Amino acid sequence: MADQPVMLITGASSGIGAETAKAAAEQGYRLVLAARSEDKLKGLQQSLGGEEKVLTVQCDVQSSDDQKNMVDRALQTFGRIDAVFANAGRGGEPGGFSGADPEVWKDMILTNIYGVGLTLQHCLPALRESRGHLLLTGSAAGRVTIPGSMYSATKWAVSAIGYGVREELRGSGIRVTLIEPGMVDTPFFDERPEHALKPEDIANAVMYAVAQPAHVDVNEILVRPTPKVE
């Protein structure tokens, strides 16, 4: 059991995070699952092996104290962290740059950019020890220009963080992968999209990256739904 690798996932209570947790458990990972609401993680914990294999942690990624506690508890419980999936993020900004609620922007920027930075800062010492794998949820929206979208701007920033941390870690043995989904059918959307990827499609991309041998660093995986057949 102690030899089983450990994956830490932020934003793990639903969508991409929850499906990645399921896929990782099937591959023998022990899990550290973090979300703003720990209650939402309990059902997932029980279905994936209980407390012996899954640690749940309440964590608002905007809080440095919460993120430090997350890592401290992970190391106290399992003694190591082999993979970190910085997945927590949010959207929701009707009105574009002309009319969006700036408080929505503020929460989104602090979650999608600052929160990712804090996850990196607190997790990197453990990843240096394990020569592990860092994965970040970017977006296809971080590769194209979307009119009036602060969300897109935050995901451009995540792309930049991925490139920048990869260069910072060059020679450390840590691999860095940007996971960049197109539209995915998750609770992220208020109205369910008709033509979209499934969360498990993105989980498959994550597991592909971490399954590669140590000398293979999958830098980016950009995944979009197949265009609708006319």
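**Exercise 1. Locate Arg 131 in this predicted model, and decide whether Arg 131 is buried or exposed.**

Solution. Begin with the place of Arg 131, which is in the loop between helix 5 (102–130) and strand 5. Next, look at the backbone, where Arg 131 has a positive phi of about 50 degrees although this residue is not a glycine. Finally, compare the accessibility with the cut-off: exposed means over 50% relative accessible area, and Arg 131, at 63% relative accessibility, therefore counts as exposed.

**Exercise 2. Describe the second largest pocket by its volume, by the residues nearest its centre and by the classes of its lining.**

Solution. The volume of the second largest pocket is about 220 Å³. Its lining is made up of 13 residues, and those nearest the centre are Asp 82, Arg 131, Gly 132, His 133 and Arg 175, so that the Arg 131 of the loop between helix 5 and strand 5 appears here again. Sorted by class, the lining of this pocket holds five nonpolar, five polar and three charged residues.

**Exercise 3. Work out how strand 2 (residues 30–35) is enclosed, and which strands pair with strand 2.**

Solution. Take the side chains before the pairing. In a regular strand the side chains alternate between the two faces of the sheet. Here Arg 30, Val 32 and Ala 34 point one way from strand 2, while Leu 31, Leu 33 and Ala 35 point the other way, and all are buried. Because six of the six residues of strand 2 are buried, this strand is largely enclosed by the rest of the structure.

Now turn to the partners. Strand 1 (residues 6–10) pairs with strand 2 in the parallel sense over five bridges, and Val 6 has Arg 30 as its bridge partner in strand 2. Between these two strands the chain crosses through helix 1 (residues 15–26), in a β-α-β crossover that is right-handed. Strand 2 is also joined by five bridges to strand 3 (residues 54–58), with the two running parallel, and Ala 34 stands opposite Val 57 in strand 3. Strand 2, helix 2 (residues 39–47) and strand 3 together make a right-handed β-α-β unit.

**Exercise 4. Find where Gly 142 lies and which residues Gly 142 is in contact with.**

Solution. Gly 142 lies in the loop between strand 5 (133–137) and helix 6 (150–168). Since buried means under 20% relative accessible area, Gly 142 counts as buried at 4% relative accessibility. Leaving aside neighbours within four places in sequence, Gly 142 is in contact with Ser 152, Lys 155, Trp 156 and Ser 159.

Definitions and conventions
Residues are numbered from 1 along each chain as its sequence is written. This is a predicted model: local features need pLDDT of at least 70, side-chain atom pairs count only at pLDDT 80 or more; totals for chains, interfaces and linings use all residues. Side-chain values use heavy atoms; hydrogens and water are left out. On a 1 Å grid over the protein atoms alone, a cavity is a set of points where a 1.4 Å probe fits but cannot get out, and a pocket is an open set with protein on both sides within 12 Å along at least five of seven lines; lining residues have an atom within 4 Å of a point. Grid points are joined across faces, edges and corners, and a volume is the space filled by probe spheres set on the points. Ala, Val, Leu, Ile, Met, Phe, Trp, Tyr, Cys and Pro count as nonpolar, Asp, Glu, Lys and Arg as charged, and the others, Gly among them, as polar. Buried means under 20% relative accessible area, exposed over 50%, partly exposed in between (1.4 Å probe, protein chains only). Helices (H or I, at least four residues) and strands (E, at least two) are DSSP runs, numbered from the N terminus. Two strands pair if DSSP finds at least two bridges between them. A crossover is right-handed if, with the strands pointing away from the viewer, the path from the first strand over the helix to the second runs clockwise. Contact means heavy atoms within 4.5 Å.
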